[in-house]
Structures are given as structure tokens and as C-alpha cells.
Amino acid sequence: MALLPIGEAHHRLLDGAEPLPMEWVDLDQAAERVLAESLIAHRTQPPFDASAMDGYAVQAEDTTDPKRNLRVIGEAVAGRRFGGRVGAGEAVRIFTGAPVPEGADAVLIQENVDRAGDLILALEPVAEGRNIRSAGLDFAEGQSLLPKGRRLDPGALSLAAAANLSVLPVVRRPRVALIATGNELVLPGTEPGPDQIIASNSFGVAAVARGVGAEVIDLGVVPDDKQAIGDAIARAKAQADVIVTLGGASVGDHDLVRPVLEQAGIDLSFWKIAMRPGKPLMFGRLGTTRVLGLPGNPVASLVCSHLFLAPLLARLGGLEYVADIRDARLGLAMAENGEREDYVRATTKLVDGALVATPLPVQDSSMLSTLAQSDALIIRPPFAPPAQAGSSCRVFKLR
Ligand SMILES: Nc1nc2c(c(=O)[nH]1)N[C@H]1C(S)=C(S)[C@@H](COP(=O)(O)OP(=O)(O)OC[C@H]3O[C@@H](n4cnc5c(N)ncnc54)[C@H](O)[C@@H]3O)O[C@H]1N2
Ligand code: MOO
């Protein structure tokens with residue numbers, strides 16, 4: 001049976017994937033969340049004409065005569081305005097952030113003033129409006145501040161706070177449950193039996209999921225047993241938007257994930273795609289829960305997470321997701337490719353301003369050491385002809 005092209009698999013994966021419902025979160029919990037609605041300012045900032053400098057609030061035209069003394073009649077501090085009015089020949093001592101008193105139309109900075117008792121002399125004239133931040137300079141009440149879909153980065157968070165928005169409408173974070181399958185697997189930190197290995201995949205996959213804002217529920221390792229896998233899937237379905245199984249996706253006698261999902265009534269969208277590594281990737285729905293069956297080979301698990309899990313979770317979380325794919329030149333010749341689109345571990349470097357990607361010599365999909373060493377994957381399209389060193393290629397940057 002022909003393998004499903006990656007483009008079509010992507011299309012099926014994202015079909016109908018919409019941002020999850022909105023929830024309210026406190027401002028101090030909102031970092032990196034995604035706005036479910038645009039934010040409207042609840043107040044004007046600054047709410048009054050404010051001094052931008054420490055100095056004296058004056059009438060600008062009083063400062064044109066270098067000999068004219070002005071009388072200091074009071075003080076305006078941030079948080080406590082001067083209640084009176086600045087008339088001709090008068091000044092008010094003012095500090096940064098304080099409301100500019102009525103009558104004044106400029107602030108003389110104190111470095112440009114000689115003061116003797118209650119009298120000041122402007123050492124140079126100040127222009128009207130100078131050193132005053134007009135009310136609403138930053139934003140005005142009712143103004144739209146941030147659009148729906150905006151990730152709440154530090155600047156956006158402080159802006160929301162300044163607009164007096166103490167709870168924010170955000171897209172609920174997708175919850176993803178991870179289930180590793182395999183009798184051979186034990187968790188890191190435990191002593192493996194003679195034929196066992198350490199279950200490593202969930203840690204990298206969880207990091208990919210968290211990287212796009214998802215909440216991870218790690219359900220640990222279950223044995224290659226239909227009942228155990230079925231129970232874990234039922235537990236996952238009760239709490240997650242997306243279930244990710246790791247391993248047991250292929251065709252062997254102990255690859256039980258698909259039969260168990262079929263028994264549970266999965267609407268299977270695809271199984272087996274034209275990709276290397278990652279051929280046995282599986283996707284479908286159990287009711288409203290999406291299920292992604294990742295291959296067990298560690299590199300296949302992670303590459304499929306970058307290519308499929310990340311965009312799916314980003315979409316559910318309301319995030320714009322753009323993979324970092326760049327043009328590069330091959331650092332080494334590559335052989336022709338077969339039916340599967342190949343994601344080849346490589347290192348990249350800039351040579352004379354151009355990105356050069358050099359494939360690592362061994363590409364076995366069990367080898368995490370070479371994945372960790374790589375900073376990119378060279379994308380070799382299906383049936384690509386042999387390519388010379390120096391010819392152009394595309395790379396998926398991992399870091
Ligand atoms: N006859 C065929 N055999 C295989 C095919 C095929 O088309 N025909 N496909 C191969 C490909 S491609 C892949 S990829 C693997 C994927 O198989 P499974 O998803 O069934 O994975 P497992 O058999 O469970 O495990 C494969 C390998 O990975 C290790 N593993 C599994 N889970 C983890 C984990 N959480 N952490 C670390 N390592 C894990 C497992 O011990 C195996 O060594 O199938 C090929 N076979
Ligand atoms: O996906 Mo498998 O890892 O192609 O070897």
C-alpha cells in the first residue's frame with residue numbers, strides 16, 4: 001500500500017483543529033498564554049498631563065527673559081498633585097510622573113535652573129509643551145491594545161497591567177497525555193533488567209509539547225498488553241485533548257497500540273506515512289480526543305513531534321506556528337532518495353554568509369546521540385536525485 005505523503009498527513013492532522021475555549025487567568029499567571037479576545041484599555045495612560053522630568057512647571061513664555069525671576073509657589077510629586085494654578089511669574093517644583101499643574105505649559109529641568117530661596121532663574125528658555133507627557137500619550141480608554149491570538153510576552157503583560165486589566169481572557173492550554181508502551185522500558189533512575197532499556201522518548205516529546213504552550217500529563221510506561229494499554233488510553237481520554245502514544249505503532253506481534261485504539265472505536269485518519277524516520281506514524285480521533293501514535297524509535301518519535309505534534313498543539317492553543325525552515329547548501333554529496341521524505345540529521349554553519357548543512361554519516365533512527373548533536377534536519381523530498389556538495393537544499397532548524 002502506498003504511504004501517505006506528508007503534506008496530506010499534515011492536512012488531515014490540522015483539519016478542524018481550532019483554538020480551545022477561552023478561560024480567565026490572573027495577570028501573574030498569564031505569561032506566554034495566548035489572548036482569546038482582543039484587549040481593550042480600561043483607562044487612559046497617562047491619565048493626566050504628567051511631567052517627564054524633575055524640575056519646575058512654568059509658563060514657557062516666562063523663560064525667554066534671562067533676567068526674570070520666577071517665584072516657587074508649591075510642589076507637585078508623583079501621586080500628589082499641586083492643587084493651585086501656575087500664573088505669570090510663578091513656578092511649581094515638580095518631579096517626574098507628577099501631574100502638571102493648571103496654568104503651566106512646560107517643565108524646566110532643574111539642571112537649567114538657578115535657585116535662591118523661593119526664586120528661580122531659567123538659565124535657558126524652555127519651549128511650550130517641553131518635558132510634558134500629554135494625557136493619553138500611551139493609550140486611551142476604550143482603545144484596542146492587543147489583538148486576539150497575541151502571545152503574552154513581557155511587553156504585552158505589562159501593557160495589560162498598565163491598562164488595569166487584572167484578569168485576562170486566554171485560550172485554554174491544550175492538555176496532552178503521554179503513554180509510553182513497551183515491556184522493555186523502565187524509567188530513568190531505575191535499575192533496568194538485563195534486556196531492558198531506559199524509556200527516553202517522553203522527555204523530549206514533553207519538551208516539544210511544552211515549547212508550544214501545552215500542559216503535559218505523563219502517564220508513564222505501560223507494558224505491551226492490550227488491557228494495560230486500553231486502561232491507560234481510557235485514563236488519558238478522561239483528562240486530555242490529545243493523547244500521544246509512544247511505540248507499538250508498527251506491524252510486529254507486540255505492536256498493540258493500533259488494535260487497542262481500534263477496539264476503543266478510533267476514527268483512524270492515517271497510519272504509515274512517506275517519511276523517514278517516522279513511517280508508522282498514526283493519527284485519529286477517539287470522540288473529540290485526538291490521538292497521535294508516535295513510532296517507538298527515539299529519533300522517529302522526536303522528529304514526528306516537531307513536525308506533527310507541535311503544529312497540532314499550537315493550533316489548539318491558538319498560536320501561530322511557523323516551522324523554522326531555511327534554504328541551505330549541502331556540505332556533502334547525498335545519494336538519491338526513495339519514496340519517503342527524508343529528515344536527515346545534520347550540523348549547519350555559516351560559510352561566507354550562506355548556511356551550509358552537513359549530514360551526519362550514520363542516520364539510524366535509534367540514535368539519540370546524533371540527534372542531540374544535530375542542529376538541523378536536511379529535508380530530502382521523495383525520489384530526490386543524487387545531490388552534489390554545494391547544491392541547494394532546505395533544512396528544518398532544530399535550534
Ligand atoms: N516489519 C517491519 N518492521 C518495522 C517497520 C516496518 O515497516 N516493518 N517499521 C520500522 C520503523 S520505520 C519504525 S520507526 C519502528 C517503530 O516501531 P514501533 O512504533 O512499533 O516501536 P517499538 O517497536 O515499540 O520500538 C522501536 C524501538 O524503539 C524503542 N523504544 C520504544 N519506546 C521507547 C521509549 N519510550 N523510549 C526509548 N526507546 C523506546 C524500542 O525499545 C525499540 O528498540 O518499527 C520498525 N519495524
Ligand atoms: O521511522 Mo522509522 O524510525 O523510519 O526507522
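Two strands count as paired here if DSSP finds at least two bridges between them. Keep that in mind as you move through this predicted model, since several stops below are about bridge partners.

**Stop 1: a pair of partners.** Select Ile179 and Thr245. Ile179 stands opposite Thr245 in strand 17. Now extend the selection to the strands themselves: strand 13 covers residues 175–181 and runs parallel to strand 17, with five bridges joining the two.

**Stop 2: the other side of strand 17.** Keep Thr245 highlighted and add Gly293, a residue of strand 21 that stands opposite Thr245. Show residues 289–294 to see the whole of strand 21, which pairs with strand 17 in the parallel sense over five bridges.

**Stop 3: strand 17 itself.** Select residues 242–246. How many of the five residues of this strand are buried? Five of the five are, and the strand is mostly covered. Try colouring the two faces separately: Val242, Val244 and Leu246 lie on one side, while Ile243 and Thr245 lie on the other, and both faces are covered.

**Stop 4: the whole sheet.** Now bring in the remaining strands. Six strands form an open sheet with mixed pairing, and their order is 16-13-17-21-20-18. Where does the sheet end? Its edge strands are strand 16 (215–222) and strand 18 (267–271), each pairing on one side only. On average, neighbouring strands here are turned by 15 degrees against each other, direction ignored.

**Stop 5: the edge at strand 18.** Select residues 282–286, which make up strand 20; strand 20 and strand 18 pair in the antiparallel sense over four bridges. For one partnership at this edge, pick Trp271 and then Met282, its bridge partner in strand 20.

**Stop 6: ligand 1.** Select ligand 1 and display its surroundings. There are 25 residues around ligand 1, and the closest are Gly247, Ala249, Ser250, Pro295 and Gly296. Which helices each supply at least two residues of this shell? Look for helix 3 (201–211) and helix 6 (298–316). If you colour the shell by class, you will find twelve nonpolar, ten polar and three charged residues.

**Stop 7: ligand 2.** Move on to ligand 2, which is surrounded by Arg276, Pro277, Gly278, Lys279, Pro295, Asn297, Ala300 and Ser365. Pro295 may look familiar, being one of the closest residues around ligand 1. By class, the shell around ligand 2 divides into three nonpolar, three polar and two charged residues.

**Stop 8: Leu307.** Return to helix 6 and select Leu307, which is found there. Is Leu307 buried or exposed? A residue counts as buried if 20 or more other C-beta atoms lie within 10 Å of its own; Leu307 has 24 within 10 Å, so Leu307 is buried. Next, add His10 to the selection: the C-alpha atoms of Leu307 and His10 are separated by 8.6 Å, though the two residues are 297 apart along the chain.

**Last stop: zoom out.** Show the full protein chain as a cartoon, with its seven helices and 26 strands. Its radius of gyration is 32 Å, well over the 21 Å that the globule rule gives for 399 residues, so the chain is more spread out than a compact globule. Along the principal axes, the C-alpha trace spans about 95 × 50 × 40 Å. Of the 399 residues, 40% count as buried. As for contacts between residues at least 6 apart in sequence, 71% join residues at least 24 apart.

Conventions. Residues are numbered from 1 along each chain as its sequence is written. Chains are lettered from A and ligands numbered from 1 in the order in which they are written. This is a predicted model: local features need pLDDT of at least 70, side-chain atom pairs count only at pLDDT 80 or more; totals for chains, interfaces and linings use all residues. Axes are lines fitted to C-alpha atoms, for helices over the stretch in contact, and angles run from 0 to 180 degrees between N-to-C directions. A residue is near a molecule or strand if its C-beta atom, placed from the backbone, lies within 6 Å of it. Ala, Val, Leu, Ile, Met, Phe, Trp, Tyr, Cys and Pro count as nonpolar, Asp, Glu, Lys and Arg as charged, and the others, Gly among them, as polar. The radius of gyration is taken over C-alpha atoms; the globule rule is 2.2 Å times the number of residues to the power 0.38. A residue is buried if 20 or more other C-beta atoms lie within 10 Å of its own, exposed if 12 or fewer, and partly exposed in between; C-beta atoms are placed from the backbone. Two residues are in contact if their C-beta atoms, placed from the backbone, lie within 7 Å.
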